[in-house]
Amino acid sequence: MKSGSETGLTGINDVVSIDRQGGIALVALNNPPVNAASHAVRSGLWQAIETLQNEPEIKVIAIYGEGRTFIAGADIREFGKPPRDPWLPDLCNFIEDCKTPVVCVLHGTTLGGGLEVALASHARVALAGTKVGLPEVSLGILPGAGGTQRAPRLAGIKAALDLITSGKPISANQALEQGLIDQIADGAPREVALTAARELLDGELASRRTCDLTVEDDPQALTAMRDKLAKTQRLLFSPHKCVDAVEASRLPREEGLKEERRLFNDCMDSPQRGGLVHAFFAERAVAKVPEASATPRDIRKIGVIGGGTMGSGIATAALLAGFQVTMTERDKAGLDRGTSTIGANLDGAVKRGKLGAGARDEILSSKLSTATELDALSDADLIIEAVFEDMGVKREIFGTLDKVARQGAILASNTSYLDIDQIAAATSRPEDVIGLHFFSPAHIMRLMEVVVAEKTGADTVATGFALAKKLKKIAVRSGVCDGFIGNRIMTFYKKAADYMMMDGASPEEIDKAITGFGFAMGPYQVADLAGLDISWAANKRRAATRPAEERYIPIADEICEKGWFGRKTGQGFYIYDAEGTRPNPAALAIIDAERAKAGVSPRTFAEDEIVSRFITAMILEATRVLQEGIALRPVDIDAVFLFGYGFPRFRGGPMHTADQIGAAELVRRIEDYAQEDAYYWQVPALLRNLAESGGTFAEMNEQS
């Protein structure tokens with residue numbers, strides 16, 4: 001290292017360097033890809049500040065990031081590991097207490113610890129287009145390096161509460177309006193840093209310690225946020241602690257930081273933090289598949305067969321991702337309905353700010369084409385079939401595609417349940433056939449199951465995952481079975497709900513218990529939303545092979561026989577009309593009649609028993625899916641349910657929840673329930689082995 005009296009470039013370590021320009025010191029962070037606040041970054045910054053504040057000739061220190069962003073948050077490689085000095089809270093205090101004025105230049109996505117470093121500096125300049133945020137709440141914690149104390153001092157309590165409890169980033173313009181930053185500038189980060197330092201020297205840019213600012217008391221904002229969270233996030237832990245921490249910003253710095261640390265530790269000790277961190281890593285872990293090393297095929301043109309809700313949703317997702325799309329239907333009326341649905345979907349994207357108003361019409365005019373003949377798909381790189389669930393129809397379509405699709409095109413089915421091997425057998429190119437199971441609404445839901453058949457080529461699988469990435473979806477690899485990962489497990493645990501309904505619990509009571517656990521909707525609300533006719537068709541398809549030992553509940557079938565399919569017909573388990581949503585008395589009468597016919601004496605189910613049976617059934621079948629190799633790892637099952645079935649994120653998914661319950665307790669429950677239904681409640685061998693060995697599903701993730 002050069003001595004302090006010298007000028008020019010000084011390397012502090014591999015990721016932090018100093019460039020002295022007269023009385024200005026430029027401190028550059030270069031820790032690709034996102035300048036994460038790793039130990040090397042923290043220690044390098046500390047050394048740089050410590051060195052420079054003791055150099056009398058240095059009048060201003062300007063910190064900026066090389067590459068695509070300023071510090072984008074914590075280093076995820078350090079998650080779960082013991083902290084190493086300097087801690088980020090200590091570093092932020094050290095920067096704030098620096099005798100020499102410090103200005104930070106922000107660009108890219110300055111999030112979490114990155115923004116906390118900036119808030120601790122004495123001035124902040126952001127490049128146009130910068131996003132800033134404090135997303136810690138999404139991991140079950142709160143900003144623990146002074147973010148809850150400094151943001152209110154700069155932006156006020158209300159703005160700080162919105163930023164911290166939502167975890168959502170805001171634009172540089174919003175940050176400027178709120179006072180979180182002092183300027184917006186154009187140019188490269190280094191040049192802006194140099195200019196900002198000169199302006200600070202000249203007095204054109206104000207310099208002050210954030211901790212010296214007074215927080216304007218706003219009890220109304222605190223009360224309003226607490227009331228809001230009580231309604232919208234009552235089951236979550238950390239958002240409420242965030243409010244408490246922001247309230248502590250009214251205290252002197254040291255007292256406020258001490259309270260922030262206490263509340264941060266409370267969050268760290270909460271089981272929700274573990275669940276949310278697991279969910280965070282699940283999103284990344286599922287991309288690690290055996291076929292990941294294969295080269296994906298180039299996809300530019302996509303064909304979609306079927307203009308119904310699902311086909312139109314898939315087409316919308318592809319159009320929003322920039323693909324050229326051809327949609328086919330049997331007749332012009334079907335195409336008109338599909339095109340209208342796509343237009344409405346794009347209108348929704350405009351309203352959500354995902355698409356510019358002018359882009360909507362351009363997409364429809366230049367990216368979408370329609371046809372009533374499959375020949376129109378002859379130049380498509382990928383064709384996705386999205387017609388109704390009938391094996392004969394799907395095999396016929398794939399037989400035709402085998403003749404009309406170009407060589408090298410991928411032929412995909414969006415089937416929810418059916419055997420991809422049988423569909424592939426209708427072609428002469430099974431290596432090109434794959435299942436791409438989208439979830440409705442397909443242009444919004446993030447999950448996509450990539451179903452790999454026996455002869456599916458590795459490059460076909462790799463292409464499925466590459467497509468999901470372009471569509472901004474989370475792809476999970478699944479083997480072939482009835483229902484794949486998600487629907488197979490859902491079909492099983494829905495039976496547990498049906499058994500409780502037959503034995504005395506009402507659909508409303510079951511739904512209330514499951515939403516109380518954290519799901520957005522209960523199983524009967526979901527069934528009505530999806531359409532009872534979907535499961536009715538599946539029930540009829542499975543009837544011939546249904547084991548005699550299985551207890552079958554025909555209540556939903558009888559509701560369907562009345563022509564009541566749920567929301568789309570105005571009634572199912574519930575009634576949907578101008579008066580609102582409420583239990584359907586006619587459906588309750590069907591339930592009572594079936595109980596009487598079966599000789600059932602209804603009993604009461606407490607909420608905790610409903611949840612226990614429901615979740616235990618889910619874990620039971622999920623374990624079998626894992627045991628049979630349909631899912632690669634427990635975390636893949638968690639991802640399916642987190643991103644496709646509304647499993648509460650703070651609980652981490654069914655397999656993470658299984659570890660919280662414990663394998664031995666799960667075995668005990670199953671054996672207890674088996675006393676009333678030994679066929680349904682059977683302990684999977686894998687679960688029994690874990691119970692006997694003291695193993696966990698988390699360990700299986702680490703071994704994969």
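A residue is partly exposed when its relative accessible area lies between the buried limit, under 20%, and the exposed limit, over 50%. Glutamine 525 has 26% relative accessibility and therefore counts as partly exposed. The model examined here is predicted.

Glutamine 525 belongs to helix H20. Beyond its neighbours within four places in sequence, glutamine 525 is in contact with Asp511, Thr515 and Tyr574. Its C-alpha lies 9.3 Å from that of glycine 572, although 47 residues separate the two in sequence.

Helix H20 (523-530) also helps to cover the buried residues of helix H21. Helix H18 (486-503) and helix H22 (555-561) are included in that cover as well. Helix H21 spans residues 532-542. Its buried residues are Leu532, Trp536, Ala538, Asn539 and Arg542. Viewed down the axis of H21, these residues fall within an arc of 165 degrees, so they line one face of the helix. In an α-helix there are 3.6 residues a turn, so residues three or four places apart point the same way.

A second helix contact joins H25 (residues 634-644) and H26 (residues 654-661). Their axes come within 7 Å and cross at roughly 115 degrees. On the H25 side, the contact involves Pro634, Ile637, Asp638 and Phe641. On the H26 side, Pro654, Met655 and His656 take part. The residues of this contact comprise five nonpolar, one polar and one charged.

Histidine 656 lies in helix H26. This residue counts as buried because its relative accessibility is 16%, and the limit is under 20%. With neighbours within four places in sequence left aside, the contacts of histidine 656 are Gly274, Gly275, His278, Asp638 and Arg651. Asp638 is thus one of the H25 residues that meet H26.

Arginine 651, a contact of histidine 656, also engages an aromatic ring. Its charged end sits over the ring of phenylalanine 517, 3.9 Å from the ring centre. Arginine 603 has a similar placement: its charged end sits over the ring of phenylalanine 605, 3.8 Å from the centre.

The structure contains 16 aromatic pairs. One aromatic cluster is formed by Phe439, Tyr493, Phe517, Phe519, Phe614, Phe641, Tyr645 and Phe647. Phe517 of this cluster is the ring beneath the charged end of arginine 651. Phe641, another member, is among the H25 residues that meet H26.

Technical notes: Residues numbered from 1 in each chain as written. Predicted model: local features only at pLDDT ≥ 70, side-chain atom pairs only at ≥ 80, totals over all residues. Heavy atoms only, no water. Axes fitted to C-alpha atoms, helices over the stretch in contact; angles between N-to-C directions. Helix = DSSP H or I, 4+ residues; strand = E, 2+ residues; numbered from the N terminus. Contact = heavy atoms within 4.5 Å. Nonpolar A, V, L, I, M, F, W, Y, C, P; charged D, E, K, R; others polar. Buried < 20%, exposed > 50% of the residue type's maximum accessible area, 1.4 Å probe, protein only. Arc of directions from axis to C-beta. Phe/Tyr/Trp six-rings, centres within 6.5 Å; stacked < 30°, edge-to-face > 60°. Lys NZ or Arg CZ within 6 Å of the ring centre and 35° of its normal.
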